Amino acid sequence: MTLSSMSFVLSEMSTAAVEASEVLYGGLAADVRLLVDVAIRTRVDAERVAAARDLVRQAEQILAEDASPEAAGIHFNTEGRSWNWGNAVVGVRNAIAPPVVLRWVDDRTVRSEVDLGAAYEGPPGCVHGGVSALLLDHLMGECGSAAHTRLIVTGSLTLRYLRPLPLGRIHMQAQISREDDRKVTVTAHLGSDDHGDKPAVEATGLFIVPRWAREGAVSGSLD
């Protein structure tokens, strides 16, 4: 698949309609997220599992009555609002996403906190290393976009796993460390309250402003 400015879809939805839709379908995604978590931890008997599976199939059939055949993609409107509901990290309608909510300290630094439960486990009681990489890649990409004033893609990502990261509340931060024409270097780390100020994972990423993004009219970030 080739990315270009045409990969981003202009929508006629108003910002008010977007936010209402996020409340509606975001609530559904939150329910599914809870279902995934309890499905991992449940110990009910076979009869109760069968009953639960019947209900899940009923829900799937209802939702499939009017479902797009395409992935969610990234959309924006004329009011400056953009949304990527299917994103694996911040997607409001994606039950796989924690989801992460970003806090901009300034146009060069981004922070976030998120709760990671049983669905994100790798080593016993700890966050999967690939999940840490996923979260940091997105956080760093958002940071490198300089508060969504430019579009960038990941060029390379280097991670150092310093210690196991327990499941639970995770905090992370990314900051721009260097800019050189189309290249943006971002450093980041994440950890937990169990570690105090010591990070569990550190990362350095090189992000690139595509040539077509310099020519186009779409601003934002893309991973």
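## What lines the second largest pocket

Start with the chemistry of the second largest pocket: by class, eleven of its lining residues are nonpolar, three are polar and three are charged. Keep in mind that this is a predicted model. The pocket's volume comes to about 670 Å³. There are 17 lining residues, and the ones closest to the pocket centre are Tyr25, Leu28, Ala67, Ser68 and Arg93.

## Where the lining comes from

Which helices each supply at least two residues of this lining? They are helix 1, spanning 15–41, and helix 2, spanning 46–63. Helix 1 is the top contributor to the lining, giving four residues.

## The six-stranded sheet

Now over to the strands. Six of them make up an open sheet, and reading across it the order is 4-5-7-8-9-6, with antiparallel pairing. Strand 4 (103–106) and strand 6 (153–161) sit at the edges with a single partner strand each, so one side of each has no neighbour in the sheet. Going from one strand to the next, the twist averages 20 degrees.

## A closer look at strands 6 and 9

How many bridges link strand 6 and strand 9? The count is eight, with strand 9 covering residues 201–208 and the two strands pairing in the antiparallel sense. For a specific spot to find in the structure, take Ser156: its bridge partner in strand 9 is Leu206. Strand 6 is also one of the edge strands, with a single partner strand, and in the sheet order it comes right after strand 9.

Key. Residues numbered from 1 in each chain as written. Predicted model: local features only at pLDDT ≥ 70, side-chain atom pairs only at ≥ 80, totals over all residues. Heavy atoms only, no water. 1 Å grid on protein atoms, 1.4 Å probe; cavity = no way out; pocket = protein on both sides within 12 Å on 5 of 7 lines; lining within 4 Å. Points joined across faces, edges and corners; volume = space filled by probe spheres on them. Nonpolar A, V, L, I, M, F, W, Y, C, P; charged D, E, K, R; others polar. Pairing = 2+ DSSP bridges. Axes fitted to C-alpha atoms, helices over the stretch in contact; angles between N-to-C directions.
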